[in-house]
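Trainee: I'd like to learn how to read confidence and interfaces in a model like this one. Can you walk me through it?

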Amino acid sequence: MTQATARPLTPYGFLLPALLVTATVILYPVAQTIVFSLQDYLLYAPDDARFVGARNFLAVLKDEVFWISLRHSAVWVGGIVFAQLALGLVAALLLNQSFWWRGLARALVIIPWALPSVIIGLMWTWIFDFNTGVLNDVLMRIGIIDQPQAWLAGPRSALACVMLALVWQGFPFFAIMILAGLQTVPKELYEAAEIDGASAFRQFVHVTAPAIAGIVATAVLLRIIWVANSLDVILVMTGGGPGYATHTLPLYAFLRAYSGMEFGYAAALALMLTVLLLAIVWLYVRRQAKELDA
Amino acid sequence: MKRRTFVKLAGASALAGGLSAPSIAQGVATVRWWYHYDNPQNTPAALVAKFEQANPGIKIQAEAIPWGGGTDYINRMFSSVVAGNQPDCAMVRLAYLSRFSQMRALEPLDGHLANWAGRSDISDDVWKLNRAPDGKQYYMPLHYVVIYLYYRQDLFQQAGLQPPKTFDEFLACAKALTKDGMFGYGMRGGGGCHDNWGPFVLGGGASFEKGGMVSAKALAANRFFVEFATKHKVVPPSAPTDAFRQIVDGFKAGRTAMTIHHIGSSAEMVAALGDKASAVPLPRGPGGGGWTYFGDESNAIFASSKVKEAAFRWISFLSGAGNVEQAQLSGQLPITTSGGRNWTGHPKRFVDASFASLPIAQTLPDHVKTPDFVGRVLPTNLQRALVGETNPDEVMKAVEQLFHG
Amino acid sequence: MSLRRSALQTFVQVEVPVLLILAFALAPFAWMLLTSVKPTADLALFPVRYLPSRLTFEHYAMLIERTSFAVNLLNSLVIACGAVLLGLATSVPAAYAFSRFRFAGRRQILTSFLVINMFPIVLLIIPLFVLMRKLGLIDTFVGVIIGHSTFSIPFSVWMLVSYFNAIPRELDEAATIDGASRLQTIRRVILPLIMPGLVTTAIYVFITSWNEYLFAMMLSGQTVRPVTVALQLFIGEFTVQWGLLTAGGALIALPVSILFLLVQRRLVAGLTSGAVKA
């Protein structure tokens, strides 16, 4: 490939493999889902599906559970991503220092992330268990509570408990991503700052933060999308209950799709979530436009 | 790992198929069968070997599908039907019969059954339960469980109580045994709560007929059930999200004196509590009516199968000569009368309680909405009532709305 | 960030906080490990029993001997490695193009990679199953790996674009002036520099694929069944095999941790000082 002749088409050549694989696999299912959302499609009666236009979407807007789930989704995404980022950032900065067992610490911190969601869900359910849970036992021993609490059955505590499990699972992601980002910060910059007598905090604000900002922003964006769509841990821990207390949008769509097999309605619910996420991405892309086009 | 062990393991994973391509040899029919057993160490390999020896022209490819709370198994099955990749036969539940019928996915078995000698060894009641609305038999009954009441013999004795025969006695027992951090009744309000709700609400006069959920009797029965949690507080505070794992653990740990489940958990209960754990049929309602859940499992043949005759031979073997062995693998009760008579797979007191529960045992209605009732509408609405977020009557209105619009 | 710190300072300012974070990260896992070496009778007890009444490895033995778990682990390894290879092979060139070229539709294509990941997978899975069936890829390694590429490629592209962008473009130009071709520049200059990013992305894809359940459940049969699906077989309708489940969890986390222990060195080796000065 000579650069002179291939120039205008070169970037597309580089893109082709990735586009080809994703497009073959994902285009058809996505198109299908959009078609479902415009029909009263029931999985067990595919032949009876009729085109209903925007009726599913209008029904979604009138559905009380949609709004409850949406509110929970906002709390869910905001809370989890923020906590994961904060904890991950601290962990990454610490694991970037040199101490003799750093390699081991880095390998151990990844463990929560290395476990399948179904195990995480079951373990945390068991930890939170009213009768045989270790959390109640520990808290009672150290005197924080005087009788066992039904953590997962409390309409107010249930969502927080499931979120804690997800924060635990996902903070190593940020730790590792940021740790990799820190490696791109030239050491010379710290040396220069040191000579200028900058404090550790000022070094972080003026040297570290700007250098990793792009990577952190991308990681946050990807994480928002991932957390917004994740439902397996909720499904295992509470199934969305008690009542609607841990219903998030994908969970509600899941229940409508698989318990009711109402694929039309569920697809409309899912697409509402997609549109909301698109708005976030749009904001991000606009903000990052300068960097993206840099 | 030594190569030999690896080969052995690979063989175990491929158990009776999976790795082997469908046979194309003349006269050999390969039957793909999907199953789920609770215990992953139990495999149908021995059963398959026995069957294949007796039927040299048939190969069985048995594939374990994860149950995943029911969703995964069903999801996989319906996707396969949509994609045209379904097995020849599979374990199925009555709750999905309507949906299968609507898709015309299953083969009626009536022609095969007419000439099957084993038919009379399965009781007429079971055949009736399994019959589709169009009068045909699509399901070959396989094994079953019946929901009954587990209670702590020792605690009842200490308190001078008898196992409850009526709802009021049940409440009295639950109140008497709720003390010192122990709860009278380990209620299941999480996934699968219909098997705790049904005995009191359907047994107390509610029905799935039009208007049957919102009659005065039905509303009162549901209120009685919800008040175990909200008024009398005889259930653990965790009850709204407790599923089978939690109610069984709570009972095993000695934190509840009664709980409602079936013979499938008896082995665990006995391992933890020995003779202290026993069982009786569920109490009856004010009018003497009662209801308990018949947990069914059948095999069905898919209409798309090219080897229906061979598939029928396999599933009729499982419900006939192989039924007792099959029930040992699944941990449930054999469906055959002869198999049930001398059944030793569980301690006798639990088998007796199961048999004694049969007169009031029923399935949920054969309706396309039933899975939605079990999986979403009942749990969410019941839980809201149990934590006091809504009036108990809302549960009944929601169920009525689901089935009758 | 002080380069000169006493041993005591390191201990108080770094090692103690690291220990605290590790305690949070590992406590539930430690509980799981402890559970996996307890006899079944110790499990559902009130009050909670912390130490096993006797140490037992029966769950591990059962897992290896009586179930197909060892084969499932191997399947998972094949699938995860395949997902990493496919993911990196397609996204490194793509990310390079996004970072180094300006072309029509660039921002739209980049954004559309993200949009792909915004649809809840639970709804895509049935059409995907139908598609895979048509392609004849059900119950094959290729099928599951391609399934996993739906989340690994978009993620990898985006992460790698960030890492590529962090490398000053002057380096490429300097190399080109020295007479290196584009591919030579990529191989000799750019790739070594983004090694931490590459390793991180590979780890991400590996772990996500290793832990993925839904695609694996739908697209694999008995032939290529990975551990996450096998694990689900321990959760029956009426029993949860706690012993097997926790032993399985320990065995699942182990390879990932070892792998990371091996590759984490690469996380510092990327930018050797001096390279940036160029």
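**Confidence first, then the interfaces**

Mentor: Start with chain C, where confidence is lowest in helix 13 (residues 266–269), at a mean of 59, and highest in helix 3 (residues 69–100), at 93. Keep in mind that this is a predicted model.

Trainee: What happens over residues 269–278 of chain C?

Mentor: There the pLDDT is below 50, and the stretch has 16 contacts in the model beyond near neighbours in sequence. For chain C as a whole, the mean pLDDT is 84, and 94% of its residues reach 70 or more. The model itself scores ipTM 0.86 and pTM 0.88.

Trainee: On to interfaces. How do I put a size on one?

Mentor: Interface size is often given as the accessible area lost when the parts come together. Take chain C and chain A: they bury about 10,000 Å² between them, with 77% of that on carbon and sulfur atoms.

Trainee: How many residues of chain C and chain A are in contact?

Mentor: On the chain C side there are 110 residues, touching 114 residues of chain A.

Trainee: How many salt bridges are counted between chain C and chain A, and how many residue pairs in polar contact?

Mentor: The salt-bridge count is 0. Polar contacts, with both residues at pLDDT 80 or more, come to 13 residue pairs. The largest share of the chain C side, 17 residues, comes from helix 1 (residues 7–36) of chain C. By class, that side of chain C has 77 nonpolar, 23 polar and 10 charged residues.

Trainee: Let me try the same reading on chain A and chain B. What area is buried there?

Mentor: About 2,500 Å² is buried between chain A and chain B, and carbon and sulfur atoms give 60% of it. Here 30 residues from chain A meet 31 residues from chain B.

Trainee: And the pair counts between chain A and chain B?

Mentor: You get 0 salt bridges between chain A and chain B, along with 6 residue pairs in polar contact, both residues being at pLDDT 80 or more. Helix 6 (117–127) and helix 12 (249–258) of chain A each supply at least two residues of the side that touches chain B.

Trainee: Which helix of chain A gives the most to that side?

Mentor: Helix 12 of chain A does, with 5 residues. Sorted by class, the side of chain A that touches chain B has 17 nonpolar, 8 polar and 5 charged residues.

Trainee: Can I read contacts within a single chain this way too?

Mentor: Yes, if you treat domains as the two parts. In chain B, the domain assignment gives domain 1 (14–142 + 296–345) and domain 2 (146–293 + 354–404). Their C-alpha centres lie 31 Å apart, and the contact takes 15 residues from domain 1 of chain B and 12 residues from domain 2 of chain B.

Trainee: What area do domain 1 and domain 2 of chain B bury, and which residues of domain 1 lose the most?

Mentor: The buried area between these domains is about 1,100 Å², of which carbon and sulfur atoms give 60%. In domain 1 of chain B, B:Ser98, B:Arg99 and B:Leu333 lose the most area to domain 2, together 41% of what that side buries.

Trainee: And the pair counts between the two domains?

Mentor: The rule finds 0 salt bridges across the interface of domain 1 and domain 2 of chain B, but 3 residue pairs in polar contact, both residues at pLDDT 80 or more. Helix 4 (residues 97–103) of chain B brings the largest share of the domain 1 side, 4 residues. By class, that domain 1 side has 8 nonpolar, 4 polar and 3 charged residues.

Methods
Residues numbered from 1 in each chain as written. Chains lettered and ligands numbered in written order. Predicted model: local features only at pLDDT ≥ 70, side-chain atom pairs only at ≥ 80, totals over all residues. Heavy atoms only, no water. Contact = heavy atoms within 4.5 Å. Buried area = accessible area lost by both parts, 1.4 Å probe. Salt bridge = Lys/Arg side-chain N within 4 Å of Asp/Glu carboxyl O. Polar contact = N/O pair within 3.5 Å; in protein donor to acceptor, adjacent residues only side chain to side chain. Nonpolar A, V, L, I, M, F, W, Y, C, P; charged D, E, K, R; others polar. Domains from an automatic or database assignment. pLDDT = per-residue confidence, 0-100.
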